[in-house]
Amino acid sequence: MRSTSHAGAVLTIDLDAIARNYRHLAELSPGAACAAVVKADAYGLGAERVAPVLARAGCRAFFVATLDEGLDVRRVVDEAEIFVLNGLPPGAAPEFARHRLSPVLNQLGEVDSWGAFLRRAAAPALAARPRAALHVDTGMNRLGLPQRELDELAQRPRRLDGIELALVMSHLACAEDPAHAMNGEQRARFDAARAALPPARASLANSSGIFLGREFHYDLVRAGVALYGVNPTLENANPMAEVVSLQGKILQVRDVDRPMTVGYGAAHRVTGPGRLATVGIGYADGYLRAFSGRGWGVLAGTRVPVVGRVSMDMITLDVTAVPPAEAVPGTPVALLGGGVPVDEAAACAGTIPYELLTALGRRYQRLYRGGEQAP
Ligand SMILES: *Cc1c(COP(=O)(O)O)cnc(C)c1O
């Protein structure tokens with residue numbers, strides 16, 4: 001990777017806060033094990049650094065999206081079980097077994113090819129019997145066995161012969177809204193599916209699902225976004241510790257004293273006297289263009305709005321409210337965290353924190369704080 005020692009912006013990731021969030025979520029689901037979802041490079045924060053910290057905090061199961069992500073996590077976590085959500089690609093079974101990765105079987109075709117692989121690979125050839133999860137669809141209509149395939153499997157359970165099922169799982173569509181009727185409906189469908197299948201441990205809840213109560217926890221909860229400091233509840237104050245902070249640096253400051261426009265498209269018009277600061281961060285860093293005229297930073301304890309459009313490498317802030325001595329070239333400005341909650345920032349850009357985090361660019365200097373010791 002290119003050196004970022006002279007980067008214009010600094011992304012700080014608090015690994016101790018991730019460990020604290022993990023323990024908090026585990027305590028909220030005392031009857032269940034707590035797995036960590038570290039897909040998409042731990043939601044953009046760096047799975048290589050995040051996963052070992054979670055393992056030291058007690059996490060014994062990880063979820064990733066793809067086989068490649070699974071291999072990356074296996075390199076840094078030796079002990080835990082790693083589930084691959086996007087299923088078993090054709091021909092990939094030996095690779096899964098070799099690296100002790102557990103496929104999430106999302107359709108009958110995958111059940112059959114995993115079963116066939118296990119029956120072919122005689123027991124002594126496999127160091128440890130690899131396990132798999134079975135995903136049944138209960139309303140997402142995205143991945144997982146549809147009802148018809150579930151019925152087929154229930155009629156011919158021998159199709160599971162030789163497969164060690166670590167988990168039967170499903171995924172909630174509306175968990176962040178406790179009042180949504182889908183939650184109860186999906187739970188009922190999940191219970192019906194489990195009754196039709198051989199006994200196995202069960203998993204339904206994502207981060208928000210943990211907050212729906214015990215009847216959603218089953219044997220394993222799958223915490224993702226909340227580990228990274230995002231509010232998993234729709235209306236309550238954020239119970240999670242802040243993990244991400246992003247600071248840009250002022251490149252230039254200018255006084256404006258007459259009506260004039262700022263940036264591309266002349267999209268912002270200054271009307272009276274004031275001061276503008278240009279900060280070296282832009283949409284190429286994942287600072288979304290949707291923050292144009294909407295986002296804000298915090299400088300010297302004062303909220304400073306983004307004015308005009310976000311450019312590729314720069315934004316402009318109105319710093320009129322900040323004493324001139326506190327807004328000079330080189331001064332850091334908080335753009336995420338430190339007074340700019342990731343949830344509020346995402347909402348003002350018309351998106352969700354998941355997208356904001358996974359968009360965080362590669363150009364920052366990345367600092368990881370803490371994470372050295374077992375908590
Ligand atoms: C991403 C994902 C999760 C984690 O969801 P969060 O809302 O980030 O907690 C859990 N389960 C599945 C199947 C997922 O795809």
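**Exercise 1. Place Arg275 in the fold and find its side-chain partner.**

Step 1. Arg275 belongs to strand β13, residues 274–279. Strands here are DSSP runs of E with at least two residues, and helices are runs of H or I with at least four, numbered from the N terminus.

Step 2. Know the model. It is predicted: local features need pLDDT of at least 70, side-chain atom pairs count only at pLDDT 80 or more, and totals for chains, interfaces and linings use all residues. Residues are numbered from 1 along each chain as its sequence is written, and side-chain values use heavy atoms, with hydrogens and water left out.

Step 3. Arg275 counts as buried because its relative accessibility is 14%. Buried means under 20% relative accessible area, exposed over 50%, and partly exposed in between (1.4 Å probe, protein chains only).

Step 4. The Arg275 side chain makes a polar contact with the side chain of Asp255, at 3.3 Å. A polar contact is a pair of N or O atoms within 3.5 Å; within protein, one must be able to donate a hydrogen and the other to accept it, and residues adjacent in sequence count only if both atoms are side-chain atoms.

**Exercise 2. Do the same for Ser102.**

Step 1. Ser102 sits in strand β5, residues 101–105.

Step 2. Its relative accessibility is 3%, so Ser102 counts as buried.

Step 3. Look for partners. The side chains of Ser102 and Glu81 share a polar contact of 2.7 Å. A polar atom of the Ser102 side chain also lies 3.5 Å from the backbone oxygen of Arg131.

**Exercise 3. Describe the surroundings of the ligand.**

Step 1. There are 13 residues around the ligand; Lys39, Tyr43, Ser207, Val225 and Tyr354 come nearest. A residue is near if one of its heavy atoms lies within 4 Å.

Step 2. Sort the shell by class: 6 residues are nonpolar, 4 polar and 3 charged.

Step 3. List contacts to ligand oxygen atoms. Ser207 places a polar side-chain atom 2.5 Å from one. A backbone N or O atom of Val225 lies 2.8 Å from an oxygen atom of the ligand. For a polar backbone atom of Gly224, the distance to a ligand oxygen is 3.0 Å.

Step 4. Check the cover. The ligand alone exposes 390 Å², and the protein buries 94% of that.

**Exercise 4. Summarise the chain.**

Step 1. Count the elements: 11 helices and 18 strands.

Step 2. Of the 375 residues in the chain, 53% are buried.

Step 3. Along the principal axes, the C-alpha atoms fill a box of roughly 80 × 45 × 40 Å.

Conventions: Accessible areas come from the Shrake-Rupley method with a 1.4 Å probe; for residues, only the protein chains shown count as cover. Ala, Val, Leu, Ile, Met, Phe, Trp, Tyr, Cys and Pro count as nonpolar, Asp, Glu, Lys and Arg as charged, and the others, Gly among them, as polar.
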